[in-house]
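Subject: Structure handover

Hello,

Here is the structure for you to work with. My notes on it follow below.

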Amino acid sequence: MNALSQKVSMAEKIGYSLGDCSANLVFQMMMIYQTKFYTDVFGLEGAIAGSVMLIARIVDAFVDPTVGILSDRTQTKWGKYRPWVLWTALPFMMFYVLAFYNPGIEDKGLVAVYATISYTLLMTLYSFNNTPYASLGGVMSSDIKERTSITSIRFVAATIAQFVVQGLTLPLVSKFAGESGDKGHGWLCTISLFAVIGFVFLVITFFSSRERITPPANQKTDTRKDIKDVFKNIPWRAMFILTLFLFTTLAMWGSAMNYYFENYVDSGALFAFLDKLGLVATQASDSVGYTILNAFGLIVSSPEKAYEVGFGVFNMLGAVVQFFGVIFLSGFLANRFGKKSVFIVCLALTALFTAFFYFPNETDVETMFVLNFLKSLAYAPTVPLLWAMIADVADHSEYVNHRRATGFVFAGVVFALKAGLGIGGAILGFLLSGFGYISGAGIAQSESAIHGIVLSSSIIPAITFFIGVIALYFYPITKKYNEEMQAELTERRSKEDY
């Protein structure tokens, strides 16, 4: 079962990590900008935008388990999961572009239909690409420290993508829109740029990664047994609930903060804050710093333009803090205290700092940035642990049932991730409509709508974060249990008749 060494080279880890960088060029865009794109660029009402995302979840309920079953049964000279990364790379990125492009449709009903179809197809391709990709990470090594290292490097790459997408998207859209202010053209150019980079990264992942863990040689194909084994797996159920509420919260909070900065934060105070950072210039300059910043649209000339850059800088701060948190804290804390304990403490702190966003007034920009620093620092150690814990769940299924269905285990959790992404966006859309948000760019909102935006950026996501904390208490794979499980699996895999 395991003829190859369980050690993974740094080059392979980095090559594998680029796949998640590619996926996050899409995922971060969907999480932070999709709802606002639908309401303010496509002009859809919040409730309709939310409905678009929920419809795709119905399709996912059939697509995700199908992908898991297909990938588990794929047999090629490259392995089970690697080929899917390559096969889906081009269509995945093509549908990414189409999801943020309006081909000239003006009727809002038809726009909603187009948004539903393009979003559903993108999420379908996301499953066909990302489920095998995530499963690949679960079969590259059974060594606990190697697995944590793989996921840590993977999420360093993901955090870089987060930095780029969350920080540079709005400035780049404004930059590409040009003097005419054509936001549609700006979005098309920005997404196309990210799609090309994402395609190249997926190809590199395919050529650089290797599969080292295979199912037991005597394992018979049995879809019904795989489904039964997974659904009765307590660790899997706990991770499913955790992932569902975690990404529901991330999607809700990330999208809500976009509205928070445009509609709640005082533009004058934000402009003054950016001036302190050296990002304000009323006239062009020949300096190198100005040239670089202006190339990415990070120079502000008036308070009216502060929102795009201010929100970008806010997100960049969070990404940088997460980047260093993943590198210096995640592996160290997990190896010392165990993944479960670290996740519980850090997620509880994340929920607490999220709730605190309810309290700053509209001019207290510094406090908002401090809270973002603290929230990002608390959340950072959990970022790579989620997927490492899911890989442990696949091992637990093999440990208990003497069968391995890595793809199906990951497919269920990827479905929870995407369901959370859609549900979080849908909840925000319905909340916006309920509080009276008026769709369209640059429209003054009522006090009720602004209060709803503040609640959606603080108290409400804090509650759903805490539900994830509760789910973790039912996850039984502790540090000690995992070490015993891996020792037993290593012994089994060394036997020729296993």
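In this predicted model, the chain has 19 helices and 0 strands. The radius of gyration is 22 Å, close to the 23 Å that the globule rule gives for 498 residues, so the chain is as compact as a globular protein of that length. Along the principal axes, the C-alpha atoms fill a box of roughly 75 × 45 × 45 Å.

On packing, 60% of the 498 residues count as buried. Of the contacts with a separation of 6 or more, 85% are between residues 24 or more positions apart.

On the surface, the accessible area of the chain comes to about 19100 Å². Carbon and sulfur atoms account for 67% of that accessible surface.

On charge, there are 36 positive and 36 negative side chains in the chain. The centres of these two sets lie 11 Å apart.

On cysteines, a search of the whole structure finds 0 disulfides. I have values for two residues here. Cys21 has a relative accessible area of 8%, and because the cut-off for buried is under 20%, Cys21 counts as buried. Cys189 has a relative accessible area of 23%, which is not under 20% and not over 50%, so Cys189 counts as partly exposed.

Regards

Terms used
Residues are numbered from 1 along each chain as its sequence is written. This is a predicted model: local features need pLDDT of at least 70, side-chain atom pairs count only at pLDDT 80 or more; totals for chains, interfaces and linings use all residues. Side-chain values use heavy atoms; hydrogens and water are left out. Helices (H or I, at least four residues) and strands (E, at least two) are DSSP runs, numbered from the N terminus. The radius of gyration is taken over C-alpha atoms; the globule rule is 2.2 Å times the number of residues to the power 0.38. Buried means under 20% relative accessible area, exposed over 50%, partly exposed in between (1.4 Å probe, protein chains only). Contact means heavy atoms within 4.5 Å. Accessible areas come from the Shrake-Rupley method with a 1.4 Å probe; for residues, only the protein chains shown count as cover. Lys and Arg count as positive and Asp and Glu as negative; His and the chain ends are not counted. The place of a charge is taken as NZ of Lys, CZ of Arg, CG of Asp or CD of Glu. A disulfide is a pair of cysteine sulfur atoms within 2.5 Å.
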